[in-house]
Amino acid sequence: MKLSRMRKALAAAMVCMTASVASAQDLRPEFVLTASHARASEDLSGIWTYGLDLYRTGLTDINGWVAKSRMQRFRDIDVEAEEAKGGTTLLEFDMDRGPQMDIPGAWNAVEPELRYYNGLVWFQPKFTPQAREGERAFLRFGAVNYKAYIYLNGEEVGRHEGGYTPFSLEVTDLLREGENRLVVGVDSEHDAQSIPTPITDWDLYGGITRPVELVYTPETFIDDATANLTTEERIKGYIDLRGPELAGQDVEMSIPELDLTATATTDDAGMATFDVAVPEDLELWSPETPKLYDVEFRAGEDTLVDRIGFRTVEVNGADILLNGEPIFLKGISMHEEEFGTNPARRITEQAARALLGEVKDGLGGNYVRLSHYPHSDVTVRLADEMGLLVWSEIPVYWTADWENPDVLRKAQTMQAEMIYRDRNRASVIIWSVGNETPVDDARTAFHNSLADTARELDPDRLISAALLVKRTDDENGTTLSINDPLLDKLDVLAVNFYGGWYGEDTLDDVAKMKWDTPLDQPLLFSEFGADAVAGFHDASVSKKFSEEYQAAFYESTLAMASGLPNLRGMSPWILKDFQSPRREHPVYQNGWNRKGLLSETGQKKMAYDVLADFYRDH
Ligand code: GCU
């Protein structure tokens, strides 16, 4: 074995060994604050001031020295009042008098000069919290892309890395009566150790992209709680407390509509588990009947209510079973980007409903791939309510620093933050561990660890990954196969396929392509798609970027896919055109990836009905 391969194999083994250190318990966020929307809270969203800091002088100065105090944006200081005194004071910032931005929302949509700004921006709201004696207070950020530095009244509260998952920081002892100054540094820059790395086929969307809330809890509170229907026909769950009174607490999980109450007592760590028989009149959650129940979790003075659907999902040979019955996933892929010509990744319920309504009602779908990162909890909760099954993924996309244990831990932490957030969402059935990552030993060890982590964190959902296909052209024609050692870790195979768009294949070639994949597992097409400019028509069907070509691409790919005996679903790429700095053809793209079935303003293309007809007829 060549030295380089030996070194890689050793490194992969190291990654594997190192990875096994990060157990599920190690990866649990310090505070989950599950179902925080159901708690007493104050939404700090609104108009915040901001200030640019491209050279990060507010964090560190030249050569990495500590930032000079005159540039430390997080200082709790009334700059204007200081300056009014005159004298020797010099300050080179003022968060009170800066320009303003509507938060949440990415900065690229705010001003032309911020369209492609990639660096550090400081944000500030000042707020006066309600007086809540004897309660604990947490700042919960829905998502900040990509690194966040949090200060309250001049004190550092915490930091977070990862652009798509929530994090909560306790501020009980830092809040003061009257006006408080929150300063948040957001650094959008990604590097070779980020997840994802800097080059992606989607836009940067730097900033505070989901709501920021002040969440209040009792001294001892329910930090995490689950209730889940298992394939052994039991409802299992737990309550996990945080606070001074952990041990020996009587806790309760109840579903009033089912007249079900389960009680338990917490152990020394504040954990109590439930395992109860399924009530006979339980109505199962499904896309057709998305039944949600109010589930009440009680512990001492704390009561938490979450709306939970009960269903089972499993694999049986080549079938995906939902509630014990085979299901075909009629889906589409989506980025987290609202309709409109200048999206800010501001996903309100209205924006999410407009997108998911196209999937459910427009295309007649029952499934959505929320790519390539965890989407807003608004979207996932709406999928629960509307009856759409969900594939959710962390942005391990194209490449990562596979041999770096710190990067693996970063990816596992994102996975845990995603899974802890959405574990009670009936709609989520698949956790994906990667997208289009070329096969090599270190990459496979990295993904194996992610699959193990997901399985350990959440044994009741399916594991998949969007894989690259291997192509063989010989006297038998073109054969596509999946040659990937990661398969052993996956419940569901998934492939991205672009024959007839990228490369020299004609659409006639696509129809003749043969597949050589394992037939004893379910197979999904996690992606296939072609660009089209809405309104660009060419009857010859020979011009790429025309609607006719995109429609013909769908027809030929659907015809080819229908011949696959273990095909169990698809999420073509993609519901709507989306912004990407990789797509700059001056006539057809101008910064937009045009593979949408809808334009960015929701204009339908011909291929939309090709897919809708296919779903209706299958
Ligand atoms: C890839 C990738 C997508 C990308 C798409 C495309 O498969 O997963 O993120 O946008 O292809 O080329 O449009």
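In this predicted model, helix α6 (residues 405-422) and helix α7 (residues 441-457) make a convenient starting point, with axes that come within 10 Å and cross at roughly 30°. Angles under 35 degrees count as roughly parallel, and α6 and α7 are therefore roughly parallel to each other. The crossing of α6 past α7 is right-handed. On the α6 side, the contact is made by Val407, Leu408, Ala411, Gln412, Gln415, Ala416, Ile419 and Tyr420, which meet Phe446, Ser449, Leu450, Thr453, Ala454 and Leu457 of α7. Sorted by class, this contact has ten nonpolar and four polar residues, with no charged residues. An α-helix has 3.6 residues a turn, so residues three or four places apart point the same way.

A second helix pair involves α9 and α10. Helix α9 covers residues 547-562, and for these 16 residues a rise of 1.5 Å a residue predicts a span of 22 Å; the end C-alpha atoms are 22 Å apart, in agreement with that expectation. Of the 16 residues in α9, 13 are buried, leaving the helix mostly covered. Two packed helices are described by the angle between their axes and the distance between the axes. For α9 and helix α10 (residues 606-617), the axes come within 7 Å and cross at roughly 25°. By the cut-off already used for the α6 and α7 pair, α9 and α10 are therefore roughly parallel to each other. Their crossing is right-handed. Glu547, Glu548, Gln550, Ala551, Tyr554, Glu555, Leu558 and Ser562 form the α9 side of the contact, and they meet Met606, Ala607, Val610, Leu611 and Phe614 in α10. The residue classes here are eight nonpolar, two polar and three charged.

Threonine 557 is also found in α9. With a relative accessibility of 0%, threonine 557 counts as buried, because buried means under 20%. Apart from neighbours within four places in sequence, threonine 557 is in contact with Phe497, Val510 and Phe528. From threonine 557 to arginine 616 there are 59 residues in sequence and 17 Å in space, C-alpha to C-alpha.

Two further buried positions can be described by their surroundings. Leucine 355 belongs to helix α4 (residues 349-362), and at 2% relative accessibility leucine 355 counts as buried. Not counting residues up to four places away in sequence, leucine 355 touches Met334, Glu337, Glu338, Phe339, Ile347, Leu575 and Lys576. Serine 481 lies 126 residues from leucine 355 in sequence and 33 Å from it in space, taken C-alpha to C-alpha. Threonine 34, in turn, sits in the loop between α2 (24-27) and β1 (41-43). Its relative accessibility of 7% makes threonine 34 count as buried. The contacts of threonine 34, leaving aside neighbours within four places in sequence, are Asp223, Asp224, Ala225, Leu304 and Asn424.

The backbone offers a few details to look for while browsing the structure. Most residues other than glycine have a negative phi, and most peptide bonds are trans. The peptide bond from isoleucine 103 to proline 104 is cis, with omega near 5°; proline 104 is placed in the loop between β3 (100-103) and β4 (120-124). Another cis peptide bond runs from serine 371 to histidine 372, with omega near -10°. Histidine 372 is located in the loop between β25 (367-370) and α5 (377-386).

Positive phi values also appear in loops. Aspartate 259, which is not a glycine, has a positive phi of about 55°. The loop that holds aspartate 259 lies between β16 (250-255) and β17 (260-265), and at 72% relative accessibility aspartate 259 counts as exposed. Asparagine 323, likewise a residue other than glycine, has a positive phi near 55°. Asparagine 323 is in the loop between β22 (319-322) and β23 (325-326).

Conventions:
Residues are numbered from 1 along each chain as its sequence is written. This is a predicted model: local features need pLDDT of at least 70, side-chain atom pairs count only at pLDDT 80 or more; totals for chains, interfaces and linings use all residues. Side-chain values use heavy atoms; hydrogens and water are left out. Helices (H or I, at least four residues) and strands (E, at least two) are DSSP runs, numbered from the N terminus. The expected span of a helix is 1.5 Å times one less than its number of residues. Buried means under 20% relative accessible area, exposed over 50%, partly exposed in between (1.4 Å probe, protein chains only). Axes are lines fitted to C-alpha atoms, for helices over the stretch in contact, and angles run from 0 to 180 degrees between N-to-C directions. Angles under 35 degrees count as roughly parallel, over 145 as roughly antiparallel, 65 to 115 as roughly perpendicular and the rest as oblique. A crossing is left-handed if the near helix is turned anticlockwise from the far one by less than a right angle, and right-handed if clockwise. Contact means heavy atoms within 4.5 Å. Ala, Val, Leu, Ile, Met, Phe, Trp, Tyr, Cys and Pro count as nonpolar, Asp, Glu, Lys and Arg as charged, and the others, Gly among them, as polar.
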